[in-house]
Amino acid sequence: MAKKHSYKFCFGPWNISEGADPYGPPTRSPQTFDWKLDQLKALGFDAMMFHDDDAVPDIDAKSEVQIRKEARALKRRLDDAGIAAEMVAPRLWFAPQTIDGAYTSNDARCRKYAIERSLRSIDIARIMGTDLVVLWLAREGSYIRESKNARRCVDYLVEAFDAMLAHDKRIRLAIEPKPNEPMDVAYVPTIGHALAIAQLTRDPKRVGCLIESAHAILAGLDPSDEIDFAMAFNKLWSLHLNDQNGLKFDQDKPFGSANLRVAFNQVRSLEQNGYGRNGEYICFDVHPFRTTSEEHWLAHLDNSRRTFLRLLEKARSFNDSEAKALVQKRDYAALDQMVIEHLLSK
Ligand code: XUL
Ligand code: MN
């Protein structure tokens, strides 16, 4: 096992959400960005993740000069608070131009909009002191398979990634795959797809990935196997830990909430692979329950980190040599029980 090290934690302003779902309005009143930053600091987290319009609200209505100016002002606020920006992600799923997809829209003007907006996200990221741009390819897929040409869409995606890589020589792109929602089927549903498409770009070294536990589970995969796979390529540059109860809507439950053993194995994979040694953060992409009152608004974030740290103790105290001996004897029943009793032990 790799030498013990400590982890750094972050979340995004959208993780202090108001409780709206497709069937009902918010259940908590919105809070300001400053309030959210204060909460993050008070909870003792190290960094914040940003969508481009979390950093520069109403971004489509602003000039490049104005965008840079606002990003610089935000950077000063973060510096004053002693908080880093972990990444910036273009929010390419809200605008009218991205109704039929962003980089893979059938309309050339819409594809151009998506690329230009992504370049602005890169400018913001650089000003905010991070070289990491996260791409959740929300609408790159289809509702009706015959409406798009999936082969051509691979070319469109590579074209867009190449434009971003050319715009700034230091930026790194972390693709965050998700198999469905909002689309019926996504073009980049798994880490394997993300790392394969990276190879088609002008600079594969600068295209890696971000694993979200819930997205892996929605793809029918084990998130810890996805972690091992990405880390075999040294391409796991960020991580959204959360939980998901089977094949439903994207639930973004607190880490460990649905399946503690799956959560344990994710922490163990991170430990074994030395995740975080190059400055990578543990990010919690978790949401409060709709029923949560304002008084308990931050509990899902604090609880996710507590669970992570408890599971870290479990991963570090796991008896590896005993497990190895059971593997050698091929006594997997005993190994299974050993894991359960370890997780249940005080
Ligand atoms: C969507 C999702 C996003 C990304 C950031 O399911 O996880 O919040 O993490 O754009
Ligand atoms: Mn996410």
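This is a short dialogue on reading a metal site, a ligand pocket and salt bridges in a predicted model.

Biologist: What should I know before I start?

Modeller: The model is predicted, so local features need pLDDT of at least 70 and side-chain atom pairs count only at pLDDT 80 or more, while totals for chains, interfaces and linings use all residues. Residues are numbered from 1 along each chain as its sequence is written, chains are lettered from A and ligands numbered from 1 in the order in which they are written, and side-chain values use heavy atoms, with hydrogens and water left out.

Biologist: Which residues are the protein donors of the manganese ion (ligand 2)?

Modeller: Donors are N, O and S atoms within 2.8 Å of the metal (3.2 Å for Na, K and Ca); water is not among the atoms, so sites may look incomplete. Here the protein donors are E176 (OE), E212 (OE), H240 (ND1) and D285 (OD), at 2.0 to 2.2 Å from the ion. Their sequence spacing is E-x35-E-x27-H-x44-D. E176 sits in strand β6 (residues 172–176) and H240 in strand β9 (residues 236–241), so this pair ties together parts 64 residues apart in sequence. Strands are DSSP runs (E, at least two residues) and helices likewise (H or I, at least four), numbered from the N terminus.

Biologist: Why is the arrangement around the manganese ion (ligand 2) called octahedral?

Modeller: Ideal angles for six octahedral donors are 90 or 180 degrees. Six donors count as octahedral if opposite donors are over 155 degrees apart and all others between 65 and 115. The six donor atoms here subtend angles of 79 to 169°, which makes the arrangement octahedral.

Biologist: Are E176 and H240 buried or exposed?

Modeller: Buried means under 20% relative accessible area, exposed over 50%, partly exposed in between (1.4 Å probe, protein chains only). Both E176 and H240 are buried.

Biologist: Which residues are around ligand 1?

Modeller: Look for a heavy atom within 4 Å of the molecule. Among the residues around ligand 1 are W14, H51, K178, H240 and D285. An oxygen atom of ligand 1 is 2.9 Å from an N or O atom in the D285 side chain.

Biologist: How many salt bridges are there?

Modeller: Side chains of opposite charge can pair when their charged atoms come close. The rule is a side-chain nitrogen of Lys or Arg within 4 Å of a carboxyl oxygen of Asp or Glu. The count comes to 25. One of them joins R268 and D320 (2.8 Å, N to O). R268 lies in helix α9 (residues 260–273) and D320 in helix α11 (residues 320–328), so the pair ties together parts 52 residues apart in sequence. R268 is buried at 17%, and D320 is partly exposed at 31%.

Terms used
Four donors count as tetrahedral if all angles lie between 85 and 135 degrees; four count as square planar and six as octahedral if opposite donors are over 155 degrees apart and all others between 65 and 115; anything else is irregular. A polar contact is a pair of N or O atoms within 3.5 Å; within protein, one must be able to donate a hydrogen and the other to accept it, and residues adjacent in sequence count only if both atoms are side-chain atoms.
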